[in-house]
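Biologist: I should like to go through some of the labels given to this model. Please set each value against its definition.

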Amino acid sequence: MSKTANEDRPAWKGAAMNILRMYRSKKYLRRIVLSFSVLVLMLLVVFSGTLYINAEKIILTMQREANTKVLSQIKFNMTYLNDVIQRLAMSLYYDNDIIPLMTASEDSDIFDTLTKRSRIDKFADYTPFIHSIMIYNAKTDRFLWGGDPAVQERDAPIYANMRALFTGSEPLPKLEMVPMSLSEDGNRADVFSIFDYDSIGYRQGESVFVLNVRPQWLFDNIKLINQLAWQENENVFILADDGRILSPDSAAPPIDEAFKKAILNHVHQEQAKDTGTFKYSLGSKPKIVNYLGTGINGWTLISIQSYDTLVSKADALKNTSIVLTVVFLLLALLATLGIAHRLYRPLGKLVSFVRQDSDVEAGPKPPDGDELSYMSSIYAETRNRLLSARSEQVTTRHIVRSYSIRKIMTDSAAMPLAELSELIQAHKLQINPEGPYLICVMKLDERNGASGREDDPDRRLLRFAIANIAQELLARTYPIETVEMKNDHVAAVIGLPDASASALGHIRQEIAGIQDVIAKMYRATFSAALSEDVQAYRSVHNHYASCLQQIRYTLAFGRQSIITPSMIRDNLSSAEAALPPELEKKLTESMKSNQDEAFEKTLDKIFAFIASLNYDYMVYMALHVFILMKQVIKEMNAIRIVSLPSEQGDINQKIMDCASLEDMKRILLDLYRGMNESKRSPEQERNEILADTVRDIIMQNYADTNLSLQMIGDMMKLSPDYIGKLFKKHQGLSVAEYINDARLRQAVNYLEQGDHTINDLIERIGFGTRSNFFRLFKNKYGTTPKEYRIKRNLTE
């Protein structure tokens with residue numbers, strides 16, 4: 001038998017290892033199983049927990065309602081019997097046999113008293129809920145009794161308790177049940193005593209009628225409720241307002257003082273509510289407390305139940321839910337395994353198939369993730385390869401296609417018709433080999449006069465946009481092929497239905513529309529050159545070369561221009577390279593005589609003349625005009641007192657970088673206007689020189705006390721009045737004010753930088769008197785020189 005067991009054990013272990021190995025390699029299958037299992041477990045836990053919580057709430061609610069009904073019934077019984085006892089006490093109080101006993105004196109008839117007492121005794125014996133009747137005669141200070149033998153003895157404890165009530169400081173309740181003890185233990189409630197007397201509030205020395213009621217009718221009712229099956233080992237009792245628990249014997253309900261205090265506090269805090277429920281933890285055992293006010297003597301009915309006993313039924317439901325959850329979870333796990341295997345089967349086959357191929361061809365290895373991650377990596381790698389292959393194919397096709405169009409543009413003269421037809425057919429070019437055609441060259445305009453680099457990514461993008469938009473818009477009407485060429489331009493071969501002027505005009509409008517689209521979308525402009533109609537394909541190269549010459553004349557026609565051969569025919573035939581002498585003369589004279597309008601008109605004529613020249617001479621002639629203006633400025637400076645600015649910076653380079661003649665003209669016009677702003681009349685220049693000379697004399701001679709306008713006039717050999725008027729007009733101060741101001745500035749320098757005395761300072765700056773210096777200094781700076789020096793030293 002041991003040998004058989006040893007033979008079976010390796011087979012069992014092997015099967016288990018195979019299962020573990022299978023699930024270890026199939027991560028996605030594990031995820032499916034775990035996901036479904038965790039989801040089912042979470043749902044079961046949530047549903048079971050919700051069911052248990054709701055069941056517990058329902059049980060507690062039902063029990064609270066049942067307790068309230070029981071307490072309400074007890075309250076009704078107490079209220080009813082209290083009303084009956086009050087009526088009985090009042091009727092006995094006014095009975096003819098009772099009144100004489102309450103008012104009899106010492107010398108009253110003993111036989112009559114005994115007869116009346118005998119009647120009281122019989123009445124108490126025949127009434128089941130009356131324990132005894134007691135009459136306190138205040139005149140004799142004695143008690144008369146009838147009923148239960150427990151009150152027959154004069155020394156019974158109840159009499160001492162009553163005398164304590166009659167003589168105490170607390171008011172004696174009238175017609176209210178007061179729990180009284182027949183023994184020495186004052187905590188017992190052997191009877192409920194009802195007191196009645198004449199006055200509204202009891203006064204000592206007043207006779208009292210006492211009716212003692214047996215409490216068994218109430219306590220038996222409560223005891224019966226406590227003995228119910230669902231109320232086993234629990235308590236319903238009466239709690240007095242002073243904290244006493246009313247009980248027929250010394251076995252008080254099992255609650256400690258802390259619990260009793262908590263009940264009283266809760267009841268007193270909820271005085272506005274007649275009934276309520278709360279939970280209290282008595283040690284480690286929580287209790288549910290229900291209370292109901294009786295409206296009698298401040299008594300409150302209290303019901304205490306064990307929380308664990310109440311929720312034991314919910315616990316049974318919880319245990320059942322746990323068992324059902326475990327069973328359902330096991331069944332769900334088995335179902336999940338079956339469903340997961342069926343769902344995983346197609347994916348497993350696909351993964352096995354891909355892994356077999358990946359062993360043959362180098363590719364991505366299985367990642368650390370699951371099978372879907374592996375398949376995603378395989379798909380991404382395959383897609384990248386496919387896209388790369390397609391991109392290479394499209395790029396190669398585009399390169400070959402562009403090469404064919406460039407070849408037609410540049411080598412059409414040497415290309416046989418058969419080769420042209422083969423290129424058109426191989427690359428599906430929209431070109432008719434028999435013509436006619438129209439050649440168009442489109443080139444980006446330079447921005448701000450700066451030449452852009454051909455390999456600039458932004459310019460490449462713009463060239464690509466121009467080629468595609470032109471292809472798309474013109475292809476709606478004409479067969480067209482566009483291609484990006486070197487030297488930063490785009491060339492197009494447009495097939496014409498005929499060589500009519502209407503077709504040429506329509507193409508010109510279409511190109512203008514393309515210019516607007518590029519300007520709106522890319523905020524860039526380009527110019528275009530259109531050839532004449534090309535009748536044979538062999539002439540394409542010559543007309544393409546002509547368009548390259550035409551596009552250069554954007555310099556004359558400006559940005560976003562469309563140039564045709566007829567527009568530059570005069571330019572090409574022009575052989576002049578010299579500015580007309582009469583224009584040079586007018587330009588020179590207008591500059592020297594400050595004739596702004598004449599200068600601008602002459603400059604317009606000069607640039608209109610430059611625009612009619614061959615392109616090769618345009619920039620040269622614009623530079624010639626700049627050199628001419630520079631020479632005129634030099635001649636004017638030779639005869640001016642104050643020279644005009646002759647350093648013109650990099651204007652020469654700016655002119656050569658301009659993309660249009662209009663920009664060049666604007667530069668020269670700004671140069672002329674700047675020259676005029678710095679130019680002044682001879683009188684203004686003479687007055688400025690005189691004022692500068694006076695200032696220099698004052699700054700050099702301010703220490704001379706004799707310095708004055710007269711002295712300055714003698715030094716300059718001019719009239720003092722003339723100097724004074726011109727200086728004040730130019731400077732805004734008189735000569736004397738300026739002298740004083742210069743001396744005060746020097747005084748401040750001495751005060752801040754040296755430690756000269758005031759007298760030494762006055763002598764150094766040329767003030768004649770001390771008082772004059774102090775007055776002028778305070779008028780200008782608001783303080784005396786000494787105070788100025790002190791404040792300056794403190795701030796430093």
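Modeller: Lysine 717 lies in the loop between α22 (709-716) and α23 (720-731); helices (H or I, at least four residues) and strands (E, at least two) are DSSP runs, numbered from the N terminus. This is a predicted model, in which local features need pLDDT of at least 70, side-chain atom pairs count only at pLDDT 80 or more, and totals for chains, interfaces and linings use all residues. Residues are numbered from 1 along each chain as its sequence is written, and side-chain values use heavy atoms, with hydrogens and water left out.

Biologist: Why is lysine 717 called exposed?

Modeller: Buried means under 20% relative accessible area, exposed over 50%, and partly exposed in between (1.4 Å probe, protein chains only). Lysine 717 has a relative accessible area of 72%, and therefore counts as exposed. Its phi is positive, about 65 degrees, although lysine 717 is not a glycine.

Biologist: What makes glutamine 560 partly exposed?

Modeller: Its relative accessibility is 30%, so glutamine 560 is classed as partly exposed. Glutamine 560 is situated in the loop between α14 (554-557) and β15 (562-563). Although not a glycine, glutamine 560 has a positive phi of about 55 degrees.

Biologist: How do you know that the span of helix α7 agrees with what is expected?

Modeller: The expected span is 1.5 Å times one less than the number of residues. For the 13 residues of helix α7 (residues 257-269) this should give 18 Å, and the end C-alpha atoms are 18 Å apart, so the two agree. Within α7, the buried residues include Phe259, Ile263 and Val267.
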